[in-house]
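User: I'm new to reading protein structures and would love a close look at one part of this one. Could you walk me through a stretch of helices and the loops around them?

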Amino acid sequence: MIDRVRGRIHERSILFRDVLAAFSLCDALMLGGYWVVFEFLGKFSLGHHCVLCASLGNEDRICSRCVDVLPWNHCHCERCGQPVVADQPLGVFCADCQSSPPLFDRARSPLRYAFPVDTALKALKFKRQLMYAPAFATILVPTLHEIFPHVDALVPVPLHRLRHATRGFNQAIEISRELASHTGLPINHQTRRVRRTTTQSGLSASKRRKNLRQAFAVNGALDAKYPLIIDDVITTGATCDYLAAALLAAGAKSVDVLTVARASIKLLR
Ligand SMILES: [Zn+2]
Ligand SMILES: [Zn+2]
């Protein structure tokens, strides 16, 4: 099953290229009715494909067979959400949270950053495979309703404007859009990344913290009291911690975090 999913993630981009090529052909021939054609293809060719294995006939964007083999983050710290080896007693948090409590109240990531989630999220971020954003956002909806019923706004982690311009999109905003459509929550765009930080990938935990110091700012008083930070993956929690600090300073009463996946901090040490 894993090999099948691995192969399909690559085949999936070919499928999209074929559809886009067909759309370009229609454009060139000036047949008109582009949206009709595109929606037809979307409904009958893409809409029923699982984004991970491309199997046909699925109503959901990730089919039930793939859902069964996803690396779920069932056993995690109740505070920061990082995977732990055994369930913790109520009110007892992981060693990291005990030694250095985060500024956000709680972070949750339904999935661990392992195959096929890591491959799909890299494809979303670095290969512009945007179909993964709504697919994984759907997986976040039950967690949002269950753990964070009190939140009043979604705050996608902002990219620096130069990185945003280079990439052309922000994966956190793409995920937030789908969450907003499911929940009716507004997306808050008051946050900015004011300092251009080097990419976090490959940095140790301590270097990540240094890299992010004073990286975020909020425009004016925050329009939300209980914002929920949204991102694709959380690793050390440093990004969310610094963003939470900026949100709290701008008037938030509490800040929570929801990401698709949680990477293991242990791998960075
Ligand atoms: Zn599937
Ligand atoms: Zn913890």
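Analyst: Here is a walk along helix α5, the loops beside it, and the pair formed by α6 and α8. Please keep in mind that this is a predicted model.

Let's begin just ahead of α5. The loop between β2 (111–112) and α5 holds Pro116. The peptide bond that leads from Phe115 to Pro116 is cis, and its omega is near 0°. For background, most peptide bonds are trans.

Next comes helix α5 itself, made of residues 117–126. Which of its residues are buried? They are Val117, Ala120, Leu121, Ala123 and Leu124. If you look down the axis of α5, these buried residues fall within an arc of 155°, so they line one face of the helix.

After α5 we meet Arg128, which has a positive phi near 55°. As a general rule, most residues other than glycine have a negative phi. Arg128 is not a glycine, yet its phi is positive. Arg128 sits in the loop between α5 and α6. Is Arg128 buried or partly exposed? It has 13 other C-beta atoms within 10 Å, so Arg128 counts as partly exposed.

A second residue of this kind is found elsewhere in the chain. Ala54 is not a glycine either, and its phi is positive, about 65°. You can find Ala54 in the loop between α2 (34–46) and α3 (64–69). Ala54 is partly exposed because it has 19 C-beta neighbours inside 10 Å, while a residue needs 20 or more to be buried.

Now follow the chain on into α6. Two packed helices are described by the angle between their axes and the distance between the axes. For helix α6 (residues 132–147) and helix α8 (residues 171–183), the axes come within 8 Å and cross at roughly 55°. The two helices are therefore oblique to each other. The crossing in which α6 passes α8 is right-handed.

Which residues make this contact? From α6 come Ala133, Pro134, Phe136, Ala137, Thr138, Leu140, Val141 and Leu144. On the α8 side they meet Gln171, Glu174, Ile175, Glu178, Leu179, His182 and Thr183. Sorted by kind, the residues of this contact are nine nonpolar, four polar and two charged.

To find your way back through this part, start at the cis peptide bond before Pro116, look at the buried face of α5, pass Arg128 in the loop, and finish where α6 crosses α8.

Note on methods: Residues numbered from 1 in each chain as written. Chains lettered and ligands numbered in written order. Predicted model: local features only at pLDDT ≥ 70, side-chain atom pairs only at ≥ 80, totals over all residues. Axes fitted to C-alpha atoms, helices over the stretch in contact; angles between N-to-C directions. Helix = DSSP H or I, 4+ residues; strand = E, 2+ residues; numbered from the N terminus. Parallel < 35°, antiparallel > 145°, perpendicular 65-115°, else oblique. Left-handed = near helix turned anticlockwise from the far one by under 90°. Contact = placed C-beta atoms within 7 Å. Nonpolar A, V, L, I, M, F, W, Y, C, P; charged D, E, K, R; others polar. Buried ≥ 20, exposed ≤ 12 C-beta atoms within 10 Å, placed from the backbone. Arc of directions from axis to C-beta.
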